[in-house]
Structure formats: structure tokens, C-alpha cells
Amino acid sequence: MGWSDKQNGELLRLAADSFDVLLTADRNLEHQQNLTTLPISVVVLVAPTNRIESLQALVPELLERLKAMPPRRLVHIGV
């Protein structure tokens, strides 16, 4: 999408224009950004590492949560 040079708040605003939910493994995001001002939900994937092998275990819960994710919600999935 050409966003590789975007960071932090700018990246979140761009995501809010194109997506309903932002998935991240950044556990500090909620402390760095004011997420209540964005019309997007944020799911923080919490796993021992951010390698695909660790994150795959979170997919069933993620898919279930995404079915009814309201706007502007912060959800942690995992450990």
C-alpha cells in the first residue's frame, strides 16, 4: 500500500481509512497512541515471539473475536 515509510499515528490513521481492524504484535502501541480517537479497532497479538509459529496458536481466538468486533475497541489475544 506504499506505507513502508509511515510510522506511528500516521500509519494508524491510514489504516483507519482502509480497514476495520488493525492487527499488531506491538504491546506498547496502546501506551504510545491515543487509540480512542481512531475509528478502528486494534487487536494486539500477545505471544512468546512474533514468529509465525507463535502467532498461529492465536488464530482461532482471533477469528472468533473478529466476528463481532465493535469499532474503537482494543483487544489483547494470547498470553
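## A tour from the salt bridges to the pocket

Begin by selecting Lys67 and Glu64, both of which are exposed, a word used here for a relative accessible area over 50%, with buried meaning under 20% and partly exposed the range in between (1.4 Å probe, protein chains only). What you have open is a predicted model, in which local features need pLDDT of at least 70 and side-chain atom pairs count only at pLDDT 80 or more, whereas totals for chains, interfaces and linings use all residues. Residues are numbered from 1 along each chain as its sequence is written, and side-chain values use heavy atoms, with hydrogens and water left out.

**Colour by confidence**

Colour the model by pLDDT, the predictor's confidence in each residue on a scale from 0 to 100. The mean for the protein is 87, and 100% of its residues reach 70 or more. Helices (H or I, at least four residues) and strands (E, at least two) are taken as DSSP runs and numbered from the N terminus. Among these elements, helix H4 (residues 59–66) has the highest mean pLDDT, 95, and helix H2 (residues 29–32) the lowest, 79.

**Salt bridges**

Return to Lys67 and Glu64, which form a salt bridge with their closest N and O atoms 3.2 Å apart; the term requires a side-chain nitrogen of Lys or Arg within 4 Å of a carboxyl oxygen of Asp or Glu. A search of the whole structure finds five such bridges.

Next select Asp5, Lys6 and Glu10, which are linked in a network of salt bridges. Within this network, Lys6 bridges to Asp5 with the closest N and O atoms 3.7 Å apart, and the side chains of Lys6 and Glu10 meet at 3.6 Å, N to O. How exposed is Lys6? Its relative accessible area is 25%, so Lys6 is classed as partly exposed. Asp5, at 55%, counts as exposed, while Glu10, at 38%, is partly exposed.

Keep Glu10 selected, and note that this residue lies in helix H1. If you add Thr49, 39 residues apart from Glu10 along the chain, the two C-alpha atoms are separated by 26 Å.

**The aromatic pair**

A search of the whole structure finds one aromatic pair. Select Trp3 and Phe19, whose rings form this edge-to-face pair at 6.2 Å centre to centre, with 90° between the planes. The pair links distant parts of the chain, since Trp3 belongs to the segment before H1 and Phe19 to the loop between H1 and S1, 16 residues apart. Rings of Phe, Tyr and Trp (its six-membered ring) are paired here if their centres lie within 6.5 Å, and planes under 30 degrees apart count as stacked, over 60 as edge-to-face and the rest as tilted. Trp3 is partly exposed at 21% relative accessible area, and Phe19 is also partly exposed, at 39%.

**The largest pocket**

Leave Trp3 on display and add Asn8, Leu11, Leu12, Ala15, Leu22, Leu23, Thr24, Asp26, Leu29 and Gln32, which together with Trp3 line the largest pocket. On a 1 Å grid over the protein atoms alone, a pocket is an open set of points where a 1.4 Å probe fits, with protein on both sides within 12 Å along at least five of seven lines, and its lining residues have an atom within 4 Å of a point. The volume of this pocket is about 190 Å³, meaning the space filled by probe spheres set on the grid points, which are joined across faces, edges and corners.

Which element supplies the largest share of the lining? That share, four residues, comes from H1; helix H1 (8–18), strand S1 (21–24) and H2 each supply at least two. By type, the lining divides into seven nonpolar, three polar and one charged residue, where Ala, Val, Leu, Ile, Met, Phe, Trp, Tyr, Cys and Pro count as nonpolar, Asp, Glu, Lys and Arg as charged, and the others, Gly among them, as polar.

From the lining, pick out Thr24, which lies in strand S1 and counts as buried at 16% relative accessibility. The C-alpha atom of Thr24 is 6.3 Å from that of Val43, although the two residues are 19 apart along the chain.

**The loop between H4 and S3**

Finish at Arg72, in the loop between H4 and strand S3 (74–78). Arg72 has a positive phi of about 60° although it is not a glycine, and at 52% relative accessibility Arg72 counts as exposed. Met69 has its place in the loop between H4 and S3, but at 16% relative accessibility Met69 counts as buried. With Val59 added to the selection, Met69 and Val59 are ten residues apart in sequence and 15 Å apart in space, C-alpha to C-alpha.
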